[in-house]
Amino acid sequence: MCEYSCESEGPSHASRFKSKVTIDGITDESPEFFSTIKEAKHAVAKVAWESLSTNEIQEDDCGFYKNLLQELAQREGFNIPVYDTIASGSPHLPTFVSTVEIVGKSFEGQAAKSKKQVEMSVVKIAYYDLQERNYSLGEEDLLEPPLMDKQRIPQPSG
């Protein structure tokens, strides 16, 4: 959910505006005051977009989730995940789309401007989908990453 708020300063005939936007609990603020509310909202939207683009995908996160998916596959006896990333668009401004296939199911991530971003997107989608479908040990795996030496304790069926 996206929620804007504005503040003004100065006399009514020469007001200047600053805007804030809150997206999923994260608030960003326009960097300065503007002569119109529209300019202030546009500026804060740009700040929020840049913030989401850079903070959404951390370099370490991509490897972390790839490891989680790989460990899940090994633990459950699945084939290893197979990734396919395709670039389209102009060479100086490509757009990447990535898919991963695991358990006979193909997942597609959101298109992105970098290979890391698109691979992060698809691996998170696949990992959480498999978690939700009970292909894992249980709820604690969502909160704590599995360790390589962690052994699975057989559960009685039925």
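This report covers strands, a helix, salt bridges, aromatic pairs and two single residues in a predicted model.

The model is predicted, so local features need pLDDT of at least 70, side-chain atom pairs count only at pLDDT 80 or more, and totals for chains, interfaces and linings use all residues. Residues are numbered from 1 along each chain as its sequence is written, and side-chain values use heavy atoms, with hydrogens and water left out.

## The three-stranded sheet

Strands here are DSSP runs of E of at least two residues, helices are runs of H or I of at least four, and both are numbered from the N terminus. Two strands pair if DSSP finds at least two bridges between them.

One open sheet has three strands in the order β1-β2-β3, with antiparallel pairing. Strands β1 (2-9) and β3 (26-29) stand at the edges with a single partner strand each, so one side of each has no neighbour in the sheet. From one strand to the next, the twist averages 20°. The axes behind that angle are lines fitted to C-alpha atoms, and angles run from 0 to 180 degrees between N-to-C directions.

Strand β1 and strand β2 (residues 16-23) run antiparallel and are joined by eight bridges. E3 stands opposite T22 in β2. E7 stands opposite K18 in β2. The hairpin of β1 and β2 has six residues between the strands, and G10 there takes a positive phi near 95°.

On the other side, β2 and β3 pair in the antiparallel sense over four bridges. T22 also stands opposite T27 in β3. The hairpin of β2 and β3 has two residues between the strands, and D24 there takes a positive phi near 50°.

## A buried serine after the sheet

S30 is found in the loop between β3 and α1 (37-56). Is S30 buried or exposed? S30 counts as buried, at 2% relative accessibility. The classes are buried under 20% relative accessible area, exposed over 50% and partly exposed in between, using a 1.4 Å probe and protein chains only. Leaving aside neighbours within four places in sequence, S30 is in contact (heavy atoms within 4.5 Å) with K18, S19, A40, A43 and V44. K18 is also the residue in β2 that E7 stands opposite.

## Salt bridges

A salt bridge is a side-chain nitrogen of Lys or Arg within 4 Å of a carboxyl oxygen of Asp or Glu. A search of the whole structure finds four salt bridges. Among them are these:

| Pair | N to O distance |
|---|---|
| K66 and E119 | 2.8 Å |
| K105 and D129 | 3.2 Å |
| R75 and E76 | 3.9 Å |

The K66 and E119 pair links distant parts of the chain: K66 is in helix α2 (residues 59-76), E119 is in helix α3 (residues 115-132), and they are 53 residues apart. K66 is partly exposed at 26% relative accessible area. E119 counts as buried at 16%.

K105 and D129 meet through their side chains. K105 lies in strand β6 (residues 105-108) and D129 in helix α3, so the pair ties together parts 24 residues apart in sequence. K105 is partly exposed at 29%, while D129 is buried at 18%. In the remaining tabled pair, R75 counts as buried at 19%.

## Helix α3 and its aromatic rings

How far apart are the end C-alpha atoms of α3? They are 26 Å apart, which agrees with the 26 Å that its 18 residues should span at 1.5 Å a residue. The expected span is 1.5 Å times one less than the number of residues. The buried residues of α3 include V118, M120, V122, V123, A126 and L130.

Four aromatic pairs are found in the whole structure. The ring centres of Y127 and Y128 are 5.3 Å apart with planes at 70°, so the pair is edge-to-face. Rings of Phe, Tyr and Trp (its six-membered ring) pair if their centres lie within 6.5 Å; planes under 30 degrees apart are stacked, over 60 edge-to-face and the rest tilted. Y127 is buried at 1% relative accessible area. Y128 counts as partly exposed at 29%. F64, Y65, Y127 and Y128 form one aromatic cluster.

## A87 in strand β4

A87 sits in strand β4 (residues 82-88). A87 is partly exposed, with a relative accessible area of 49%. Neighbours within four places in sequence aside, A87 is in contact with T95 and F96. A87 and S114 are 27 residues apart in sequence and 9.2 Å apart in space, C-alpha to C-alpha.
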